[in-house]
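Let's take a walk through this one together, a stop at a time. Have the sequence and the 3D view open as you read.

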Amino acid sequence: MPSFKKVKKRIFILSISSDIGYELAIYWINKGYQVTGTYKSFSDKCKILKNRGVTLHKLDLKKYLNIKNFFKKIKIKWDWLIVATGTQDPIGKFLNVNDKEWTASIEINFTHQFIFLKKMFPYRNKKNSRVLFFAGGGTNDATINYSAYTISKIASIKMCELLAAEIKNVVFTILGPGWVKTKIHKSTLLNKKASEKNYNKTIKMLNSNKCYPIKKVVKACDWLLNQKKNLVNGRNFSAVHDPWENKRIYKILNDKNNFKLRRHGNKLFKN
């Protein structure tokens, strides 16, 4: 089992080449943390990170065998694990999208992320390790034409809560970053017909100043990872809509059901 020397933080970012993953890496490198991560395709961002001393590992999360082989070669010590992988494909009505593409999307956005997490567990700091996931749209309404992505994010919210209940020595948190200018929207822009109304909405948002600043997403992530366990463990936060920069956020401690998927309180009939 790996031992831990005294360093500020060992951070591992799954999909460090993503826009949010990259910004998080730069932010924590500047704090003097030790950052490691995975990439699917070596990009300009990867080149910058490598020049900044980041250890990079190639991994395509699409196939389970890739994950299995990854851990045959690499043993990684970590304090914080950030799961930043995501894809909106396939876009279209559930009855119209390709079955294999739909299943593959759920694996990338949900099941394979948690399998990776499971295999990372032996290498965690047993005294103080934390895991951060990212939620997405669809928790408040039906996000049509994005079924695989949407259900994967909702499942991740519940899985975060379940892991928090099952595992006592790790803190699990999930954050919805809101509308951020990242390359995840490329899928929508390349699928005008299938994305329907969301195509024009996406163009309008990306060309406006209404998107949530990625720098604030980074600060929200750092804030969450530094909070006490009882405030954030198993909870789903919104960078945009929750007052995480204000002391009012501590009011959620009044009810253990706050910021979790619930029918609790949603009652029409009384006994």
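Leaving aside its neighbours within four places in sequence, which residues is Ser 15 in contact with? The answer is Gly 21, Thr 38, Ala 84 and Thr 85. Keep in mind as you look that this is a predicted model. To find Ser 15, go to the loop that runs between strand E1 (10-14) and helix H1. Is Ser 15 buried or exposed? Its relative accessibility is 17%, and buried means under 20%, so Ser 15 counts as buried.

From that loop, move on into H1, which spans residues 19-29, and look for helix H2, residues 44-51. The axes of these two helices come within 11 Å and cross at roughly 15°. Angles under 35 degrees count as roughly parallel, and H1 and H2 are therefore roughly parallel to each other. The crossing of H1 past H2 is left-handed. Where do they touch? On the H1 side you'll find Asp 19, Tyr 22, Ala 25, Ile 26 and Ile 29, and these meet Lys 45, Ile 48 and Leu 49 of H2. Sort that contact by class and you get six nonpolar residues, two charged ones and no polar ones.

Next stop: another pair of helices, H4 (residues 99-120) and H5 (residues 147-166). Their axes lie 8 Å apart, and they pack at an angle of about 20°. That angle makes H4 roughly parallel to H5. Here the crossing of H4 past H5 is right-handed. H4 brings Trp 102, Ser 105, Ile 106, Asn 109, Phe 110, Phe 114 and Leu 117 to the contact, while residues from H5 include Tyr 149, Ile 151, Ala 155, Met 159 and Leu 163. How do the residues of this contact divide by class? Eleven are nonpolar, five are polar, and there are no charged ones.

Last, swing round to helix H8, residues 197-206. Which of its residues are buried? They are Tyr 199, Thr 202, Met 205 and Leu 206. These four cover an arc of only 135° around the axis, which puts them on the same side of H8. Some background helps here: an α-helix has 3.6 residues a turn, so residues three or four places apart point the same way. Turn to the other side of H8 and you meet Lys 197, Asn 200 and Lys 204, which are exposed. And what covers the buried residues of H8? Helix H6 (186-189) and helix H7 (192-195) are among what does.

Technical notes:
Residues are numbered from 1 along each chain as its sequence is written. This is a predicted model: local features need pLDDT of at least 70, side-chain atom pairs count only at pLDDT 80 or more; totals for chains, interfaces and linings use all residues. Side-chain values use heavy atoms; hydrogens and water are left out. Axes are lines fitted to C-alpha atoms, for helices over the stretch in contact, and angles run from 0 to 180 degrees between N-to-C directions. Angles under 35 degrees count as roughly parallel, over 145 as roughly antiparallel, 65 to 115 as roughly perpendicular and the rest as oblique. A crossing is left-handed if the near helix is turned anticlockwise from the far one by less than a right angle, and right-handed if clockwise. Contact means heavy atoms within 4.5 Å. Ala, Val, Leu, Ile, Met, Phe, Trp, Tyr, Cys and Pro count as nonpolar, Asp, Glu, Lys and Arg as charged, and the others, Gly among them, as polar. Buried means under 20% relative accessible area, exposed over 50%, partly exposed in between (1.4 Å probe, protein chains only). The arc is that of the directions from the helix axis to the C-beta atoms.
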